Each structure stands twice: as structure tokens, then as C-alpha cells.
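Open the model in your viewer and keep the selection tool at hand. Each stop below says what to select next and what is there.

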Amino acid sequence: MYELFLTALIEEGDLGAALSVLSGICGMQSWHSIQRILYFQCASATGRPAGFQNYKSLDKPLRRDTEWFLKELNAALSRQSFIMQARYDVVKDRDMGADAKEMDFDAMSGILRWTEFPSVPQGRPHITHRKKIELWEQKKIWSLMADNNCMFKTEVIDECYRFYRDDVEFCLTRQFFLRPIEDYTPVEQRQGPTAPPVSQLPAFEDLTPVDAQNRWVLQVKAHVMKENDLEASRKAQGQLEGIRAELEGVFDFKSIDRKVHDTRVAQPQQNIQVLPQRVTLGKV
């Protein structure tokens with residue numbers, strides 16, 4: 001599946017107005033959700049692509065959608081190493097705070113998500129276009145990742161207000177840190193092994209926003225189910241262009257550098273000689 005989306009930033013104080021606008025144009029109240037997102041770095045010990053072929057931890061027989069997902073994922077991770085996500089729903093009053101219990105990631109159903117590096121914009125720099133694969137209602141994700149040498153990297157809490165109009169999705173999201181700031185640096189730059197996921201989630205009110213200004217990100221998404229379906233892709237782009245025009249003056253949809261959504265793991269460069277550089281002061 002491919003997703004195409006517009007992006008706008010919403011100031012913290014404008015959330016109520018943004019929710020009212022989206023509720024009005026979609027004719028529905030928002031669906032509010034909180035998710036815990038675990039990030040995994042899927043690469044071999046050398047940093048090279050290693051595929052994704054070990055499914056011994058999953059219950060057999062595999063669901064048909066699971067088989068398709070794993071086949072697609074193996075093809076992607078055989079070409080390039082990526083960061084992947086495991087997403088779990090969180091109930092604020094039950095799963096967070098002093099009385100919260102440690103989560104069993106193998107017993108819980110979650111969403112395993114892979115997204116590709118977005119395509120180069122073709123005349124519409126404000127629309128981001130990327131391939132996405134999601135496996136829903138999947139248990140034993142933690143063991144599946146371990147089976148395939150995908151190393152736990154870090155985690156965040158994600159809060160979302162979601163709306164739908166026909167087949168277009170409107171998502172207002174913000175994220176929160178769960179760990180010390182050094183745990184959000186690249187794995188290769190850390191001192192010592194990565195700590196496991198936190199055993200008890202803090203109270204929601206005690207979380208620190210990832211964005212220093214506590215802004216929300218609005219994404220307006222359209223989806224194309226089949227690869228290379230040019231007609232469906234043009235239709236999705238037309239839908240987003242129409243919504244952008246409809247909401248002009250309400251939301252400022254930005255052109256986002258696709259590197260913001262880069263999930264690739266850099267491959268190590270070996271046997272490359274770095275040549276000395278000659279610098280002449282006072283000259284450019």
C-alpha cells in the first residue's frame with residue numbers, strides 16, 4: 001500500500017479550533033487514541049541488509065495477510081536495512097501511572113509497521129508519497145523481531161485525534177518522550193547497550209513533549225492499495241489538492257523535506273580512504 005499525505009503544524013493553543021474545523025468538514029467527532037510505539041533497528045551485526053525470514057515465534061498456520069506482509073517485508077529488508085515500529089494501544093487510566101502494570105508485548109496484539117523512504121516529489125512538493133506495510137492485530141511481535149535480529153532502539157508515546165471523510169484520513173498527532181534524551185540518539189553513537197523498554201509507564205501528565213513548543217502535526221492521508229496504479233495515485237493526489245484548496249487560510253500545509261521520514265539504516269562504509277583537504281584561509 002502507498003500513502004500520500006499533506007502536513008501542517010498546529011500550535012498548542014489552536015488545538016480546539018482545529019478539532020472543531022475537522023469535525024465540521026468530516027461530519028463526525030474525533031476518535032482519540034494513545035499508543036506506545038517501540039522502534040526497532042533491523043540490520044545484521046555488520047549493518048548490512050539481512051532480510052526478514054524467521055517466523056518461528058508466530059502461531060501456525062499463519063493468516064493470509066500475515067504471509068503477504070512477511071513476504072513483502074523480507075523483500076524490502078533484503079535490499080535495505082530499516083527502522084520499524086511496533087504500536088500498542090494504551091488506556092491512560094489503566095496502563096499509565098503508579099498503578100500501571102508492566103506490558104507483555106508478546107501477549108498483547110499490536111501493529112507492526114514498515115514505511116519506505118518517501119519518493120522524490122514530482123511537481124507537488126507539499127504531498128509526501130511513500131510505501132507502507134502494516135500488520136494489524138498481531139501478537140508476539142517482540143519475539144518476531146528478536147528472531148530476525150531487530151534490535152530495540154527506543155520508544156515514545158503517541159497521542160492522536162483521528163477523523164475520516166470518505167476514504168481520506170485526518171490525523172492530529174503529538175509525541176512524548178519516555179526515556180532519557182540520550183536514548184534518542186543513533187544506536188551507533190551510544191555508550192553501552194540500549195536499555196529495555198521502561199517497565200512502568202509514567203502518568204500521562206508527567207510526560208515531556210518531543211516538540212519543545214508542544215505543537216501538533218496534522219496529516220491528511222489518502223491511500224493507494226496497488227503498486228504502480230497510476231490512475232488511483234492521480235485520484236489520491238487530486239483529493240489532497242482539493243482538500244488543500246478547501247482549507248486554504250485555515251491550515252498552512254507545508255513542503256516537508258522527505259529526509260524527515262527517512263527510516264533507512266545507514267550502511268557502514270568500509271575500506272574508504274579519506275583524502276586530506278587543503279583549506280586556504282580567506283578564500284571560499
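## Start at the β6/β7 hairpin

Select Y164 and E169: E169, in strand β7, is the bridge partner of Y164. This is a predicted model, in which local features need pLDDT of at least 70, side-chain atom pairs count only at pLDDT 80 or more, and totals for chains, interfaces and linings use all residues. Residues are numbered from 1 along each chain as its sequence is written, and side-chain values use heavy atoms, with hydrogens and water left out.

Strands here are DSSP runs of E with at least two residues, helices are runs of H or I with at least four, and both are numbered from the N terminus. Two strands pair if DSSP finds at least two bridges between them. Now show β6 and β7 whole. They pair in the antiparallel sense over ten bridges. Together they form a hairpin with two residues between the strands. Select D166 in that turn: its phi is positive, about 55°.

## Along β7

Select residues 168-177, which make up β7. Nine of its ten residues are buried. Buried means under 20% relative accessible area, exposed over 50%, and partly exposed in between (1.4 Å probe, protein chains only).

Add residues 216-224, strand β9. β7 and β9 run antiparallel and share five bridges. Q219 in β9 is the bridge partner of C171. Then add residues 208-209, strand β8. Two bridges join β8 to β7, again in the antiparallel sense. Here P209 is the bridge partner of F176.

## The cysteines

Stay on C171 and add C160. Why is there no bond from the sulfur of C160 to the one in C171? The two sulfurs are 4.5 Å apart, too far for a bond; a disulfide is a pair of cysteine sulfur atoms within 2.5 Å. C171 is in no disulfide. C160 is buried at 1% relative accessible area, and C171 is buried at 3%.

How many disulfides does the rule give? The count is one. Select C42 and C150 to see this link, with an S to S distance of 2.2 Å. The angle about the S-S bond is 115°, and the link is right-handed. C42 lies in strand β2 (residues 31-42) and C150 in strand β6 (residues 150-165), so the pair, 108 residues apart, links distant parts of the chain. C42 is buried at 5%, and C150 at 6%.

## Aromatic rings

Keep β2 and β6 on screen. The structure holds eleven aromatic pairs. Rings of Phe, Tyr and Trp (its six-membered ring) pair if their centres lie within 6.5 Å; planes under 30 degrees apart count as stacked, over 60 as edge-to-face and the rest as tilted. Select F40 and F152. Their ring centres are 6.1 Å apart and their planes meet at 70°, so the pair is edge-to-face. F40 is in β2 and F152 in β6, 112 residues apart. F40 is buried at 2%, and F152 at 8%.

Extend the selection to Y88, F105 and W142. With F40 and F152, these residues form one aromatic cluster.

## Charges over rings

A charge sits over a ring if NZ of Lys or CZ of Arg is within 6 Å of the ring centre and within 35 degrees of the ring normal. Select K92 and F204: K92 lies over the face of F204, 4.5 Å from the ring centre. Next, select R264 and F117. The charged end of R264 sits over the F117 ring, 3.8 Å from its centre.

## I141 and strand β5

Select I141, in helix α4 (residues 141-147). Is I141 buried or exposed? I141 is buried, at 0% relative accessible area. Contact means heavy atoms within 4.5 Å. Leaving out residues up to four places away in sequence, I141 touches A86, Y88, F105, D106, G110, I111 and L112. The C-alpha atoms of I141 and A86 are 7.3 Å apart, while the residues are 55 apart in sequence.

Go from L112 to its opposite number, L135 in β5. Five bridges join strand β4 (residues 110-115) to β5, antiparallel. Strand β1 (residues 2-10) also pairs with β5 in the antiparallel sense, over four bridges. One bridge there sets E3 against R130. Nine of the eleven residues of β5 (residues 128-138) are buried, so the strand is largely enclosed by the rest of the structure.

## Last stop: confidence

Colour by pLDDT, the predictor's confidence in each residue, from 0 to 100. The protein chain averages 90, and 92% of the residues score at least 70. Select residues 274-284: pLDDT is below 50 there, and the stretch has zero contacts in the model beyond near neighbours in sequence. Where pLDDT is low, the predicted coordinates should not be read in detail.
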